[in-house]
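This briefing is intended for a reader who wishes to orient themselves in the model before any further computation. It proceeds by topic, and each point can be followed in the structure displayed here.

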Amino acid sequence: MGANGERLLEVRGLKTYFHTQAGVVKAVDGVSFDLDRGEALAVVGESGCGKSVTALSILNLIPDPPGKVEEGEVIFEGRNLLELSDREIRQVRGNHIGMIFQDPMTSLNPVFTIGNQIREPIQIHLGLSRKEAKQRAIELLEMVEIPQAEKRYKMYPHEFSGGMRQRAMIAMALSCEPMMLIADEPSTALDVTIQAQIMELIGRLQREINLAVMLITHDLGVVAGVAEAVLVMYAGKVVEYADIGRVYYNSRHPYAWSLMRSVPRMDEKRERLLTIGGSPPSLINLPPGCSFSPRCPFAEEICSEQEPPLVEAEPGHLSACHFARDFERHGKGVED
Ligand SMILES: Nc1ncnc2c1ncn2[C@@H]1O[C@H](COP(=O)(O)OP(=O)(O)O)[C@@H](O)[C@H]1O
Ligand SMILES: [Mg+2]
């Protein structure tokens, strides 16, 4: 979305497939979106819909074989990241785009102190002295609200709680002053209170240091208050893309609509939350027509026959449903 700002990232027609013995897994199948400087975009959808593969494709981190970016462009600051040399893309990953994952333990090295792990990349990428880099690392720990940063600097990952480790990962991702942060399910492994704190932290950093954020989550409940735009994915494709208010309150796709209704909301007392029946299709053998049609409460004949294109349901609001333009009317009567 981001029509008002300066464009930082443009993903166009991205297709990433995995060539496996069982067949071709179309993990990402024609995904497009934009991100402006300082904008926060949430990428949501059930597990296995292609969120992580989208993020890894942007950073050229798809294991090849079996994976391959088959088509598309990832324009970041005017350059197509998919065409960069290994050295150039490493520089982008080191200096321009930071990334954090669900489980910080897989990215933190247990035998080095937290401080050393933050200081070292700063020394290398920003060319600072050891002392200057240490100072910067402590400032970063303070910025991500780690109390007693100087003392914690000397501690090892196992001495940190899960939430603190995720904060340390964020500090590490920010150490080289990136313009963009990709956060892939950053709070999924944490308990609800800590989840909210991590989301708040990401929101604050986005505003205060004008960080562009691509926030990946299967849990729509955590993105409110952080993301400005939402990209809803289903079976490797974009099914709805709009600003968060429109997706929450005026969804034009039955899948996104159902996802919204499966999230507890502060402003509405619902007797029971909707659960989406069935499970996502195999990405090797997609059903004919709309991939969501076998699970869709509103499906009609056309839905299992023709694949719905992604269209503008209203200005700035994309939806891939045959009934996107009159979804409200179409959905009436089935509500709860
Ligand atoms: N290395 C791989 N080999 C084969 N298939 C993969 C590989 N990585 C991911 N996939 C498949 O790609 C699809 C999308 O995965 P992913 O992007 O990780 O989903 P999620 O939305 O949960 O992040 C899944 O069907 C997954 O099984
Ligand atoms: Mg994932």
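**Strand β7 and its partners**

Strand β6 (residues 97-100) and β7 run parallel and are joined by four bridges. The model is a predicted one. The points below begin with these strands, then turn to the overall form, the ligand shell and two helices.

*Strand pairing*

- On its pairing with strand β8 (residues 212-217), β7 is again parallel, and five bridges join the two.
- In the pairing with β6, I100 stands opposite A183 of β7.
- In the pairing with β8, D184 stands opposite I216 of β8.
- Strand β7 covers residues 180-184 and is mostly covered, with four of its five residues buried.
- In a regular strand, side chains alternate between the two faces of the sheet.

*Overall form*

- The protein contains 11 helices and 12 strands.
- For 336 residues, a compact globule would have a radius of gyration near 20 Å, and the value of 21 Å for the protein agrees with this.
- The C-alpha trace spans about 65 × 45 × 40 Å along the principal axes of the protein.
- Of the 336 residues of the protein, 42% count as buried.
- Among contacts between residues at least 6 apart in sequence, 63% join residues at least 24 apart.

*The shell around ligand 1 and helix α1*

- There are 16 residues around ligand 1, of which F18, A27, K51, S52 and V53 come nearest.
- The elements that give two or more residues to this shell are β1 (7-20), β2 (23-36) and α1 (51-58).
- Helix α1 gives the most to the shell, with three residues.
- By character, the shell around ligand 1 divides into eight nonpolar residues, seven polar and one charged.
- Helix α1 is itself mostly covered, as eight of its eight residues are buried.
- The buried residues of α1 are K51, S52, V53, T54, A55, L56, S57 and I58; K51, S52 and V53 are also among the residues that come nearest to ligand 1.
- After α1 comes N60, which has a positive phi, near 60 degrees.

*Helix α4*

- Helix α4 (residues 114-126) has 13 residues, and the distance from its first C-alpha to its last is 18 Å, close to the 18 Å expected at 1.5 Å a residue.
- Buried positions in α4 are I114, G115, Q117, I118, R119 and I122.
- An α-helix has 3.6 residues a turn, so residues three or four places apart point the same way.
- The buried residues of α4 pack against three helices, namely α5 (130-143), α6 (149-152) and α7 (162-174).
- The residue G127 follows α4 and has a positive phi, near 65 degrees.

*Residue G115*

- G115 lies in helix α4.
- Why does G115 count as buried? There are 22 other C-beta atoms within 10 Å of G115, and a residue is buried if 20 or more lie within that distance.
- Leaving aside neighbours within four places in sequence, G115 is in contact with K134, A137, Y153 and K154.
- One of these contacts, K154, is 39 residues from G115 in sequence, while the two are 5.8 Å apart in space, C-alpha to C-alpha.

Notes: Residues numbered from 1 in each chain as written. Chains lettered and ligands numbered in written order. Predicted model: local features only at pLDDT ≥ 70, side-chain atom pairs only at ≥ 80, totals over all residues. Expected span 1.5 Å × (residues − 1). Buried ≥ 20, exposed ≤ 12 C-beta atoms within 10 Å, placed from the backbone. Contact = placed C-beta atoms within 7 Å. Near = placed C-beta within 6 Å. Nonpolar A, V, L, I, M, F, W, Y, C, P; charged D, E, K, R; others polar. Rg over C-alpha atoms; globule rule 2.2 N^0.38 Å. Pairing = 2+ DSSP bridges.
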